[in-house]
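Got your viewer open and ready to rotate? Keep the sequence panel beside it, and let's go for a walk.

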Amino acid sequence: MIDTHTHLYSDQFDDDRSEMIQRALDKGVKKFFLPAIDSETHQKMLLLENEYPGKIFSMMGLHPCSVQPKSWENELQLVKNYLDQRDFVAIGEIGIDLYWDKSTLDIQVKAFEQQIDWAIERDLPIVIHARESFEETFEVLERKKHPKLRGIFHCFSGNLEQAQHAIDLQFILGIGGVVTFKNGKIDQFLNEIPLDKIVLETDSPYLAPVPFRGKRNESAYVELVAGKLVDIYKTDFAEIDRITTENALKLFEI
């Protein structure tokens with residue numbers, strides 16, 4: 001299995017990070033992909049990547065919730081500096097979040113578009129955070145359409161039409177703990193989405209799947225997400241594991 005989206009550097013893991021990572025490895029999670037947030041976490045993320053070569057892979061980008069009026073341009077410059085210095089597997093997580101703050105929509109869009117441009121220039125996938133912002137996100141992606149523009153809609157929680165729109169734009173869906181929630185709704189139509197358009201994720205330490213909902217999430221729980229897909233797709237665990245792993249390796253070119 002591959003956890004395509006996990007914040008292993010989060011402060012919530014400071015007391016037991018190595019044990020938590022070992023639990024995931026013991027469950028069969030072979031690789032972990034870490035989305036960037038902002039300059040406060042870059043160092044911790046990159047140190048972890050060095051500690052687990054071939055297992056942990058870093059992305060680089062500015063999270064929409066960190067796009068703030070006084071700092072976003074400086075933060076974006078730091079992202080560019082990193083992208084100029086070394087290779088990353090993707091630009092992310094980037095996008096638009098209208099759940100926490102609608103007042104920054106204008107600069108969120110600007111930051112999103114700039115980072116999409118960098119991804120196209122560097123032929124890198126992007127990992128999109130779209131919370132309560134599907135229409136705004138699609139507007140940007142339609143404007144920026146390009147043969148090299150591709151990636152993951154992280155923590156996909158939209159409807160079937162939105163899922164199809166994302167796929168039509170060369171994106172695949174990151175499926176995590178929400179698929180196990182009674183009110184998550186995506187389990188009702190996910191079997192209409194081909195398995196080759198899906199990757200597994202946890203978004204640890206957030207959005208723990210049932211039966212751990214409301215508690216700290218960790219990468220070992222990606223097994224529970226895969227287990228739910230077994231029920232949805234009426235296939236066996238090995239098949240879910242094989243296809244979603246292939247999808248991740250292909251997208252991130254590992």
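Here is a tour, stop by stop, with something to select at each one.

**Before we set off**

This is a predicted model, so local features need pLDDT of at least 70 and side-chain atom pairs count only at pLDDT 80 or more, while totals for chains, interfaces and linings use all residues. Residues are numbered from 1 along each chain as its sequence is written, and side-chain values use heavy atoms, with hydrogens and water left out. Helices (H or I, at least four residues) and strands (E, at least two) are DSSP runs, numbered from the N terminus.

**Stop 1: the sheet of three strands**

Select residues 2-3, 31-34 and 56-58. The first two ranges are β1 and β2, and the third is β3. Together they make an open sheet in the order β1-β2-β3, with parallel pairing. Two strands count as paired if DSSP finds at least two bridges between them. The edges are β1 and β3, each pairing on one side only.

Now zoom in on the partners. Between β1 and β2 there are two bridges: Ile2 stands opposite Lys31, and Asp3 has Phe32 as its bridge partner. Between β2 and β3 there are three bridges, and here you can find Leu34 opposite Ser58.

How does the chain get from β2 to β3? It crosses through helix α2, residues 42-51, in a right-handed β-α-β crossover. Right-handed means that, with the strands pointing away from you, the path from the first strand over the helix to the second runs clockwise.

**Stop 2: helix α2**

Stay with α2 and colour His42, Met45, Leu46, Leu48 and Glu49: these are its buried residues. Buried means under 20% relative accessible area, exposed means over 50%, and partly exposed is in between (1.4 Å probe, protein chains only). Look down the axis of α2: the buried residues fall within an arc of 155°, so they line one face of the helix. That arc is taken from the directions from the helix axis to the C-beta atoms. An α-helix has 3.6 residues a turn, so residues three or four places apart point the same way.

Give another colour to Gln43, Leu47, Asn50 and Glu51, which are exposed on the other side of α2. What covers the buried residues? The cover includes α1, β2, β3 and α3 (72-85). Turn the view a little and you'll see α2 lying across β2 and β3, running at about 145° to β3. Axes here are lines fitted to C-alpha atoms, for helices over the stretch in contact (heavy atoms within 4.5 Å), and angles run from 0 to 180 degrees between N-to-C directions.

**Stop 3: the sheet of five strands**

Next, find the open sheet with the order β4-β5-β6-β7-β8, whose pairing is parallel. Its edge strands are β4 (91-97) and β8 (198-200), each pairing on one side only. From one strand to the next, the twist averages 30°.

Select β4 and check its surface: is it covered or open? It is mostly covered, with seven of its seven residues buried. Six bridges join β4 to the parallel strand β5, residues 126-131, and Asp97 has Arg131 in β5 as its bridge partner. With α4, these two strands make a right-handed β-α-β unit.

Further along, show β6 (151-153) and β7 (171-175), which pair over three bridges. Phe153 stands opposite Leu173 in β7. Then add helix α7 (222-233), which lies across β7 and β8 at about 145° to β8.

**Stop 4: the nonpolar cores**

A nonpolar core is a set of buried Ala, Val, Leu, Ile, Met, Phe, Trp, Tyr and Cys residues joined through side-chain atoms within 4.5 Å. The largest one has 78 residues, and Ile126, Leu141, Phe153, Ile175 and Leu229 touch the most other members. Helix α4 (105-122) gives the most to this core, with eight residues. Apart from it lies another core, of 13 residues, including Ile2 and Phe57.

Click Leu229 to see a busy neighbourhood. Setting aside residues up to four places away in sequence, its contacts are Ile175, Val179, Leu190, Ile198, Leu200, Lys234 and Ile240.

**Last stop: two loose ends**

Select Asp14, in the loop between β1 and α1. Its relative accessible area is 41%, so Asp14 is partly exposed. Finally, jump to Glu253, in the segment after α8 (237-252). At 58% relative accessibility, Glu253 counts as exposed.
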